[in-house]
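Biologist: I have a model open and would like to learn how to read it. Could you take me through it feature by feature?

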Amino acid sequence: MAKLVLDLHDIFNKGDQIEKALRDVIDEAVAKRIDLVEIIPGKGSGQLKKKVLRFLDQKEIKALYHRVDKDSKNFGRLFVHFQHKDKRKKR
């Protein structure tokens, strides 16, 4: 299973760069038919995680992925799962 990782630690206080990074990783996952994107907002105060979840909850973004899981063992990590409609079975 292919996976992309986006670590937001370096740009945690740069709102415009955060949105661009999120949009870029979602677009890349769709274009390359990636099954999973791991987003690491970090633990901190939880504000960055809330910002990421608000971004993912936008109607046009939500239409691109299947579901979001919060890591039960690591508060500072989210998983975005994709289901590509016409994905062919591997033989």
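Modeller: We go from the fold to the overall form, and then to the surface and charges. Keep in mind that this is a predicted model.

Biologist: How many helices and strands does the protein have, and what pattern do they follow along the sequence?

Modeller: Count the elements, then read their order. The protein has 3 helices and 4 strands. Along the sequence the pattern is β-α-β-α-α-β-β.

Biologist: How compact is the protein for its length?

Modeller: Compare the radius of gyration with what the globule rule gives. For 91 residues the rule gives 12 Å, and the protein has 13 Å, so it is as compact as a globular protein of that length. The C-alpha trace spans about 45 × 30 × 20 Å along its principal axes.

Biologist: Which residues does UniProt list for the Smr domain?

Modeller: The unreviewed UniProt entry lists residues 6–82 for "domain: Smr". Over residues 6–82, helix makes up 42% and strand 19% of the chain. The end C-alpha atoms of that stretch are 15 Å apart.

Biologist: What share of the contacts joins residues at least 24 apart in sequence?

Modeller: Take the contacts between residues at least 6 apart in sequence; 65% of these join residues at least 24 apart.

Biologist: What about burial, surface and charge?

Modeller: Buried means under 20% relative accessible area, and 38% of the 91 residues count as buried. The accessible surface comes to about 6,400 Å², with 49% belonging to carbon and sulfur atoms. For charge, count each sign and compare the centres: there are 23 positive and 14 negative side chains, and the centres of the two sets lie 6 Å apart.

Notes: Residues numbered from 1 in each chain as written. Predicted model: local features only at pLDDT ≥ 70, side-chain atom pairs only at ≥ 80, totals over all residues. Heavy atoms only, no water. UniProt positions renumbered as here; feature names shortened; annotations may be inferred. Helix = DSSP H or I, 4+ residues; strand = E, 2+ residues; numbered from the N terminus. Rg over C-alpha atoms; globule rule 2.2 N^0.38 Å. Buried < 20%, exposed > 50% of the residue type's maximum accessible area, 1.4 Å probe, protein only. Contact = heavy atoms within 4.5 Å. Areas by Shrake-Rupley, 256 points an atom, 1.4 Å probe, with all protein chains shown as cover. Lys, Arg positive; Asp, Glu negative; His and termini not counted. Charge placed at Lys NZ, Arg CZ, Asp CG, Glu CD.
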